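Work through the exercises below with the structure open. Each task is followed by a stepwise solution.

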Amino acid sequence: MLKLDKVNLAVDEVIKKLGNEIVLGTPLGAGKANGFINELYKRAKKDKKIKLTILTALTLEKPKGSSELETRFLKPFSERLFGSYPDLEYELDRMTGKTPANIEIIEFYFPAGKYLKNAKAQQNYLSTNYTHAARDVLSRGVNLVCQQVCAGEIEGSNVYSLSCNPDITIDIAEEMRKNSEETLVLGQVNPDLPFMYGESVVGENFFDIILDDETQYFDVFAPPKMSVSDADYMIGLHGSTLVKDDGEIQIGIGSLGDALVYSLCLREKDNQKYKNILEQFNLTEEVFPIIKKDGSTSVFIKGLFAATEMFVDSFAELYKAKILKKKCYD
């Protein structure tokens with residue numbers, strides 16, 4: 001494993017090992033190694049002999065506004081919320097139609113409506129689901145995997161945490177290495193990432209290159225919390241009556257999930273108040289027999305099990321309320 005402290009040296013090493021045909025796989029969302037990816041992208045823009053393919057999902061971009069007024073309004077908000085987060089240059093070029101011919105961006109999980117008038121992005125959209133993401137990335141000949149990691153120590157050994165993206169990186173890296181010796185796995189250290197344990201922890205030997213360049217540390221992308229509307233609260237209240245003890249729950253990002261969690265926590269912490277509210281809104285078993293048939297309004301004895309690819313903070317609230325306590329085993 002090679003440790004480097006300059007991002008340009010990491011790009012040099014990648015080109016030296018892989019040559020001019022680079023198929024980069026990088027995680028969705030906040031796990032992308034923006035510093036390394038931007039440097040590699042700049043190198044490919046400058047050297048047309050390099051053929052760079054980027055395979056990824058859910059590329060994040062700071063909001064900028066489409067007019068002078070929007071820009072002036074959003075600038076202080078963006079600076080406060082996103083801090084030093086650097087935009088991915090391939091995304092800035094893709095949005096303005098300036099992606100060079102020697103670079104291809106293939107992506108799944110688009111932000112809704114973002115690429116509505118972007119023909120190139122739509123043509124390179126990868127229609128897949130998360131179950132098949134690793135398979136579809138491998139089928140396109142990925143030879144370089146990179147993602148952000150954070151460093152730590154467990155029982156005297158130096159280790160790294162894949163943090164917010166532990167899901168398919170290990171699977172892709174293992175299969176990629178089986179298929180070819182001309183492959184690389186690179187981790188870019190960012191201490192702003194939370195150190196997650198369990199299967200997220202890997203040893204130094206998992207990586208071919210560790211890039212720890214302090215000039216590339218940046219604030220993790222912060223999805224804004226939207227306010228919960230009255231309609232969302234009511235939907236969450238209705239939904240909470242259909243969650244049965246000893247069951248399983250999946251929650252997505254956004255105000256609707258927050259509203260559901262609020263009602264579930266109220267149901268657990270102050271069950272009588274919860275039932276009074278249901279009564280006032282006529283949410284009873286007599287009006288909605290499905291509550292008795294498939295749901296419940298009682299407290300959680302066995303608790304719930306959570307299944308998700310994205311641990312939103314709502315899950316933490318369910319855990320703190322001792323609702324999320326059902327254990328599962330391989």
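Buried means under 20% relative accessible area, exposed means over 50%, and partly exposed lies in between. The model is predicted.

**Exercise 1.** Classify D246 and K302, and state what their salt bridge ties together.

*Solution.*
- Step 1. D246 has 34% relative accessibility, so D246 counts as partly exposed.
- Step 2. K302 has a relative accessible area of 54%, so K302 is exposed.
- Step 3. Their side chains form a salt bridge, at 3.9 Å from N to O.
- Step 4. D246 sits in the loop between helix 8 and strand 10, and K302 in the loop between helix 11 and strand 11, so the pair ties together parts 56 residues apart in sequence.

**Exercise 2.** Place the salt bridges K114–E91 and E107–R94 in the chain.

*Solution.*
- Step 1. In the K114–E91 pair, the closest N and O atoms are 2.6 Å apart.
- Step 2. K114 lies in the loop between strand 4 and helix 5, and E91 in helix 4, 23 residues apart.
- Step 3. E91 is buried, because its relative accessibility is 0%.
- Step 4. For E107 and R94, the closest N and O atoms are 2.4 Å apart.
- Step 5. E107 is in strand 4 and R94 in helix 4. Both are buried.

**Exercise 3.** Which residues of helix 10 are buried, and what do they pack against?

*Solution.*
- Step 1. The buried residues are N271, Y274 and L278.
- Step 2. Their arc around the axis is only 60°, so they lie on the same side of helix 10.
- Step 3. Q272, E279 and Q280 are exposed on the other side.
- Step 4. The buried residues pack against helix 8 and helix 9.

Key. Residues are numbered from 1 along each chain as its sequence is written. This is a predicted model: local features need pLDDT of at least 70, side-chain atom pairs count only at pLDDT 80 or more; totals for chains, interfaces and linings use all residues. Side-chain values use heavy atoms; hydrogens and water are left out. Buried means under 20% relative accessible area, exposed over 50%, partly exposed in between (1.4 Å probe, protein chains only). Helices (H or I, at least four residues) and strands (E, at least two) are DSSP runs, numbered from the N terminus. The arc is that of the directions from the helix axis to the C-beta atoms. Contact means heavy atoms within 4.5 Å. A salt bridge is a side-chain nitrogen of Lys or Arg within 4 Å of a carboxyl oxygen of Asp or Glu.
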